[in-house]
Amino acid sequence: MRLLLLFLFISCAYGLQLKADRKAHWQTGNPNHGPFYGQPEQVHLSYGGDPSRVIVTWLTFDDTLSTTVEYGESDNLDLSANGNCSLFVDGGQRQTKRYIHRVMLENIKAGVKYYYHVGSEFGWSSIFTFVGLQPRPEGGYRFAVYGDMGNINARSLGKIQKLSQKRDFDMVLHVGDFAYDMYEKEGRFGDEFMRQIEPIAAYIPYMTVVGNHEEAYNFSHYINRFYMPDSDHSLFYSFDIGPVHVVGFSSEFYFYTKYGWDQIGNQWNWLLKDLQKAEKNRKNVPWIVTMAHKPMYCSDFYADDCKLYESIIRTGLPMTHAYGLENLFYKYGVDLELWAHEHSYERMFPVFNRTVYNGTKEPYVDPPAPVHVVTGSAGCQEQVVPFVKYPPPWSAFRSSLYGFSRMQVFNATHLYFEQVSASGDELIDFFWIVKNRHGRPNQKDKLKLAKYGTQIPMNYCHHESHDCSNSL
């Protein structure tokens with residue numbers, strides 16, 4: 001069911017779903033005629049909302065009239081499932097047509113290895129495999145987490161491909177910015193990117209949020225190429241997996257208002273309802289982790305929104321402060337906030353409203369405020385972003401080495417996070433978040449933050465060598 005509240009925003013970006021009884025341009029009644037370009041490519045999986053469902057998506061450059069996945073517990077592929085196809089017309093000069101195929105596989109068994117291929121009588125993909133999601137023996141699920149990976153200089157790509165095929169991860173969380181950019185060269189950059197991630201995404205679910213590099217043509221390449229659970233647009237959505245509730249949303253609504261303003265409020269209202277629902281379920285799913293592209297906090301050299309005192313993402317729209325997200329996430333006890341955009345890795349101390357919980361030896365044990373991590377160093381042609389020499393107090397650790405993050409939510413109390421180098425086996429950073437209680441901050445939390453926190457005032461300048469008029 002299409003979300004009517006976003007209809008005006010995405011109606012011109014979302015592809016046209018094709019009718020099952022349609023007639024293709026190449027159909028003449030002659031059995032020797034078929035589609036010009038019927039070979040499936042760019043195969044990728046996404047999580048279907050619970051471990052028993054897997055979404056399979058791929059692309060052809062012509063209408064094949066059928067959308068089929070053949071699969072099974074052996075390479076005999078004795079099961080099949082059909083789905084739907086939509087026509088995506090690129091916004092470039094050539095108006096290139098792409099046919100996006102999607103199939104939902106259901107009743108997937110936990111821990112069982114499945115073989116599958118996709119296509120039609122006019123072309124089949126290679127045979128790929130995936131394993132039905134189940135908790136690891138040591139507990140929970142393991143995620144690869146990163147943003148800002150392009151076609152050119154995708155430094156982390158090979159390592160992520162290898163580890164994905166070895167089942168080192170259960171799922172990828174790609175926190176915005178793909179290909180640089182997917183619309184370039186009439187969309188051929190997007191095609192190449194999707195081919196490059198196929199050795200990852202054809203084996204494990206590839207979960208995404210939109211970044212600023214997806215903005216062209218009303219984010220149409222992102223909306224059409226990716227399909228997230230319980231969403232027709234993949235711009236905001238959520239899912240539960242084990243002990244964690246993951247919330248993906250768009251930071252870009254706040255910056256690309258040429259496509260309208262209503263989507264900001266629509267998303268905010270959806271976030272409010274989703275967090276209220278997640279709050280009622282914290283006994284079963286205690287952790288809440290959010291992901292979006294542009295961060296609330298950072299210490300990079302460039303004067304991005306995350307360096308401003310009144311960051312739009314944190315405090316809301318100018319003057320009115322409407323739809324600010326920091327208060328909302330704090331109120332509902334979000335545990336961890338994942339960001340990218342800055343081409344670097346940065347771990348923050350727990351922080352709320354620029355009050356930094358850095359006055360104890362164990363700031364990540366029962367922290368009274370959310371923890372923020374920026375992980376945007378997967379690799380692209382724009383190179384890494386330099387840090388300011390003297391970091392502001394919220395910055396706990398920083399690295400400009402290309403790499404990506406791994407996260408494992410073991411159980412209701414322990415979450416592990418690390419940053420690894422794209423080259424070699426270097427462990428750049430790691431930390432544990434330990435929480436014995438999840439939920440809204442109580443009076444004890446507020447007192448802890450006030451007693452052991454550092455309040456960063458509006459006129460604060462972290463070092464005289466920096467232009468603090470741009471920093472704050």
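# Two domains and what joins them

Visitor: How many salt bridges are counted between domain 1 and domain 2?
Guide: Keep in mind that this is a predicted model. Side chains of opposite charge can pair when their charged atoms come close. Between domain 1 and domain 2, the count of such salt bridges is 2.

Visitor: Which residues belong to domain 1?
Guide: The domain assignment splits the protein into two parts. Domain 2 takes residues 135-455, while domain 1 comes in two pieces, 14-22 + 35-133.

Visitor: What area is buried between domain 1 and domain 2?
Guide: Their centres, taken over C-alpha atoms, are 28 Å apart. The contact draws on 34 residues from domain 1 and 33 residues from domain 2. Carbon and sulfur atoms give 53% of the buried area, and the total is about 2900 Å².

Visitor: Which residues does the UniProt record list for "Purple acid phosphatase N-terminal"?
Guide: The entry is unreviewed, and it has a C-terminal counterpart covering 369-429. That C-terminal span is 0% helix and 46% strand. The N-terminal span is 0% helix and 56% strand, and the record places it at residues 40-130.

Visitor: How many residues does the largest nonpolar core have?
Guide: Among those with the most contacts inside this core are Phe143 and Leu173. Leaving aside neighbours within four places in sequence, Leu173 touches residues including Phe143, Met207, Phe239 and Met407. Another core lies apart, with 19 residues, among them Leu45 and Ile108. The largest core itself has 90 residues.

Visitor: How many of the residues in helix H4 are buried?
Guide: H4 runs over residues 216-225 and is mostly covered. Its buried residues include Phe219, Tyr222 and Ile223, and also Asn218 and Arg225. The count is 9 of its 10 residues.

Visitor: How many residues apart in sequence are the parts tied together by lysine 109 and glutamate 73?
Guide: These two form a salt bridge, with the closest N and O atoms 3.0 Å apart. Lysine 109 sits in the loop between strands S7 and S8, and glutamate 73 in the loop between S4 and S5, so the pair ties together parts whose separation in sequence is 36 residues.

Visitor: Is arginine 142 buried or exposed?
Guide: Arginine 142 meets glutamate 138 in a salt bridge at 3.5 Å, N to O. Salt bridges with shared partners join both of them with Asp168, Arg406 and Glu418 in one network. Glutamate 138 is partly exposed at 41% relative accessibility. The cut-off for buried is under 20%, so arginine 142, at 19%, counts as buried.

Note on methods
Residues are numbered from 1 along each chain as its sequence is written. This is a predicted model: local features need pLDDT of at least 70, side-chain atom pairs count only at pLDDT 80 or more; totals for chains, interfaces and linings use all residues. Side-chain values use heavy atoms; hydrogens and water are left out. A nonpolar core is a set of buried Ala, Val, Leu, Ile, Met, Phe, Trp, Tyr and Cys residues joined through side-chain atoms within 4.5 Å. Buried means under 20% relative accessible area, exposed over 50%, partly exposed in between (1.4 Å probe, protein chains only). Contact means heavy atoms within 4.5 Å. UniProt positions are given in the numbering used here, feature names are shortened, and annotations may be inferred rather than shown by experiment. Helices (H or I, at least four residues) and strands (E, at least two) are DSSP runs, numbered from the N terminus. Domain bounds come from an automatic or database domain assignment. Buried area is the accessible area (1.4 Å probe) that two parts lose on being put together, summed over both. A salt bridge is a side-chain nitrogen of Lys or Arg within 4 Å of a carboxyl oxygen of Asp or Glu.
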